[in-house]
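Biologist: Please take one part of this model and look at it closely, residue by residue, and then tell me what lies around it.

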Amino acid sequence: MLGLKHLMVITKREYAEQYLDFFHRHGVNGVVGTLCNGTANDAILSTLSLEDTEKVMFKTMITEDKVGDIAKGLLNEMNIGAAGNGIALFVPIDAIGGNSSLRFFVGDNKVERKEKTEMAESKSVLIISVVDKGYTDVVMEAARGAGAGGGTVVRAKGTGSEIAKFFGVSISEEKEMVYIVASRKGRDNIMRAIMEKAGGKTDAHGIIFSLPVDGVIGIRQLESI
């Protein structure tokens, strides 16, 4: 097991430059940014006095010894805990493809490899749904009906058409990915609801999976750092 965490930060696009400066100050390398959209409906936007749901998602990796410092900085410097300022997730990394990939993210910082032990079950999860373009509303309607909050949509392109033909599954090239942070106890109901409405046997041709999250900042009900 690598002593690395996959750090994901989702925030307003207007804060993008401030976050890039934050990462630089804290020695975080290899930051990848992706434009995306929130899934809050018009009623929620009106209630929260928000004008739009445009977001930016930053992804990078940090060594475990930096987690506390980064978490503290996100709270105190970036005020990420305030309403609408975004969320941050820390996901454990099991392996990485070679030293060149490792150096891209952590530079010359030493990464401690730890023996695999029985890990405590995480309290939070990241549910990821990959669906055909135009079906994110179906995903979110199903997820909210099962108790989920908001989500984040990232546009993408599929590259599995040949594999899909082999398995008799139809996969369109234009895809959308929906990221939903949820409690572990609510995971199964949310995933079951999404699979029923937007799974592989529906017109959405969805693929749904979840990842353990061992640190959350920015969602009061789920915060664990």
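Modeller: Since this is a predicted model, what follows describes computed geometry, and I start with S129, which is found in strand β5, residues 124-132. S129 has a relative accessibility of 0% and, because buried means under 20% relative accessible area, it counts as buried. Leaving aside neighbours within four places in sequence, S129 is in contact with V139, E176, M177, V178, I194, I207 and I208.

One of those contacts, I207, leads outward from this site. I207 is found in strand β8, which spans residues 207-213, and at 45% relative accessibility I207 counts as partly exposed. Together with F209 and L211, I207 forms a nonpolar patch on the surface, and the three residues have about 230 Å² of accessible area together. I207 therefore counts as partly exposed at 45% relative accessibility, while also being among the residues that the buried S129 contacts.

For the surroundings beyond that site, I turn to helix α1, residues 16-25, whose buried residues are A16, Y19, F22 and F23. These four cover an arc of only 120° around the axis, which means that they sit on the same side of α1. On the other side of the helix, E17 and H24 are exposed. The buried residues of α1 pack against two strands, β1 (4-12) and β3 (54-63), and against the helix α3 (67-76).

Just after α1, G27 takes a positive phi of about 70°, and G27 is also one of the residues touched by K66. K66 itself lies in the loop between β3 and α3, two elements against which the buried residues of α1 pack. Not counting residues up to four places away in sequence, K66 touches H26, G27, V28 and N109. K66 is buried yet has no salt bridge, and the nearest side chain of opposite charge, that of D69, is 6.9 Å away; a salt bridge would need a side-chain nitrogen of Lys or Arg within 4 Å of a carboxyl oxygen of Asp or Glu.

Finally, G3 is found in the segment before β1, and at 6% relative accessibility G3 counts as buried. The C-alpha atoms of G3 and K110 are separated by 9.4 Å, although the two residues are 107 residues apart along the chain.

Notes:
Residues are numbered from 1 along each chain as its sequence is written. This is a predicted model: local features need pLDDT of at least 70, side-chain atom pairs count only at pLDDT 80 or more; totals for chains, interfaces and linings use all residues. Side-chain values use heavy atoms; hydrogens and water are left out. Buried means under 20% relative accessible area, exposed over 50%, partly exposed in between (1.4 Å probe, protein chains only). The arc is that of the directions from the helix axis to the C-beta atoms. Contact means heavy atoms within 4.5 Å. Patches are made of residues with over 30% relative accessible area and no salt bridge: like charges are joined within 9 Å, nonpolar side chains (Val, Leu, Ile, Met, Phe, Trp, Tyr) within 5 Å. Accessible areas come from the Shrake-Rupley method with a 1.4 Å probe; for residues, only the protein chains shown count as cover. Lys and Arg count as positive and Asp and Glu as negative; His and the chain ends are not counted.
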